[in-house]
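Trainee: I would like to take a close look at the nonpolar interior of this model and at the parts around it. Please give one connected account.

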Amino acid sequence: MKPGTKHPYTKLLTNGSWTARRDKPTNEREIRDWFARDPNCGVAVITGKASGNLIAVDVDYSENFSLPVPPSPQVITPRGFRSFYQVTGSERVRVKKFDWGDLLYGQLAILPPSIHPNGERYTWSDFLTPLQVEIDDLPHAYLPDVGTGSSDTWTRKQVREYSLLASRSGVCETGTITGDALRSLYSTEEIVWKVAPVLGIKERRLGHAFCCVLPGHQEKNPSGSLYRGDNGVIVYHDFHRREGVEFYTLAEVRAAQAYGHTVRLRDRRPELAVWGIRLLVEARVLPLAPVPEVQLPGDAPWSAQMVCEGFRFLLGCKWIHTPGDPSPFSWRFASVWCGVSQKQAGKGIQWLIRNRVLIPAGKHLRTTLFHIAGSADGQCSWSA
Ligand SMILES: [Zn+2]
């Protein structure tokens, strides 16, 4: 492709046209020659027969899109995404425009690392590069002439196991709090079906679509499903990728519902783990660990009561794995965890520190750790 455009690089092509290549694909020597002549060439694949019946689902208006997107190589485009599938060839592919975008067959589909006219680079989606996933068959839902037209037909075939972010997300490698225990719980279907209703998911089968439960998504059409990765962990699949992210751990879904927007906790492993534990506690899969009762005086502000209960709940979650350990409790986190504003969280935390309910117990990196009054190292000022 001509650098930074959506046009074929006619100058480099014999006869100045690419269409002849629908039948006679190019070869490596020719490609090397093109790059020798202009190293800034963009690249594209000719979908259809030339590429072994490759078909691209090109989604520009995700708000209108509710078809399944099983894992297969996927490119992020400035307006949406483009997923590549295969058709068997016996299927009659009718290329047409949809209100969500196009099916490309016999047409050019621009690939990374080409540059879009707006200056952005096309990239592969995380974990959906051609090196990470195989090209899947096009779900029948796209071919109403051939398939049943039902948008969940693909889920009836066995869900292909593939490499997925759960193993990198930290659920299984959080170190202190979780380790294998959490991972094995989130790999167990019966456990996940107890957890799902807490997240507002009523579906009871892996791979079956339901309306997305992520805050702010509110799609009318099914766009979420639960999926098992090849490390066994069951994760949340958001077809619409409204935030440009397709897979979330269930802990991230729980955190998102508390934050009121989606959050990535891959790099915040202790926090990821604690949301994972909280969800299991809320689903009554894990019992809360015992934490000393705290009786606040009657004149304690409301914020202090909320934050105190929240902190006890946090310790109850964490002490399942590390009983008695102090915990960080930032204003930001406390606000989300306890469901109060950051200002209220700050006010509550300050009151609790002043009144020796939260007892500073050293630092981890730059974060203060707190004990609670009545625990091994904490003392309650007014009960003494
Ligand atoms: Zn969604």
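Which residues of the largest nonpolar core touch the most other members?

Mentor: The model is a predicted one, and the description below should be read in that light. The largest nonpolar core holds 56 residues, and those that touch the most other members are Val195, Val235, Leu250, Val307, Phe311, Leu358 and Ile372. Domain 2 (166-282) and domain 3 (302-372) each contribute at least three residues to this core. Apart from it lies another core, of 22 residues, including Trp18, Ile46, Phe65 and Val75.

Leu358 offers a useful point of entry. When its neighbours within four places in sequence are left aside, Leu358 is in contact with Phe311, Ile349, Leu352, Ile353, Phe370 and Ile372. Two of these partners, Phe311 and Ile372, are themselves listed with Leu358 among the core residues that touch the most other members.

Val307, another residue of that list, leads to a helix pair. Helix H8 (residues 302-318) packs against helix H9 (residues 331-338) at an angle of about 90°, and their axes are 9 Å apart. Angles of 65 to 115 degrees count as roughly perpendicular, and H8 and H9 are therefore roughly perpendicular to each other. On the H8 side the contact is made by Met306, Val307, Gly310 and Leu314, which meet Ala334, Trp337 and Cys338 of H9. The residues of this contact comprise 6 nonpolar, 1 polar and no charged.

The backbone next to Leu358 also deserves attention. Arg356 is located in the loop between helix H10 (342-354) and strand S15 (358-364). Although Arg356 is not a glycine, its phi is positive, at about 55°. Arg356 has 15 C-beta neighbours inside 10 Å and therefore counts as partly exposed.

Asn53 shares the sign of phi: its value is about 65°, and it is not a glycine either. Asn53 sits in the loop between strand S1 (43-46) and strand S2 (54-59); Ile46, one of the residues of the 22-residue core, lies at the end of S1 as numbered here. Asn53 has 20 C-beta neighbours inside 10 Å, so it counts as buried.

Both values of phi stand out because most residues other than glycine have a negative phi, and most peptide bonds are trans. A departure of the second kind is found at the peptide bond from Pro112 to Pro113, which is cis, with omega near 0°. Pro113 belongs to the loop between strand S7 (108-111) and strand S8 (123-124).

Terms used. Residues are numbered from 1 along each chain as its sequence is written. This is a predicted model: local features need pLDDT of at least 70, side-chain atom pairs count only at pLDDT 80 or more; totals for chains, interfaces and linings use all residues. Axes are lines fitted to C-alpha atoms, for helices over the stretch in contact, and angles run from 0 to 180 degrees between N-to-C directions. Helices (H or I, at least four residues) and strands (E, at least two) are DSSP runs, numbered from the N terminus. Angles under 35 degrees count as roughly parallel, over 145 as roughly antiparallel, 65 to 115 as roughly perpendicular and the rest as oblique. Two residues are in contact if their C-beta atoms, placed from the backbone, lie within 7 Å. Ala, Val, Leu, Ile, Met, Phe, Trp, Tyr, Cys and Pro count as nonpolar, Asp, Glu, Lys and Arg as charged, and the others, Gly among them, as polar. A residue is buried if 20 or more other C-beta atoms lie within 10 Å of its own, exposed if 12 or fewer, and partly exposed in between; C-beta atoms are placed from the backbone. A nonpolar core is a set of buried Ala, Val, Leu, Ile, Met, Phe, Trp, Tyr and Cys residues joined through C-beta atoms within 7 Å. Domain bounds come from an automatic or database domain assignment.
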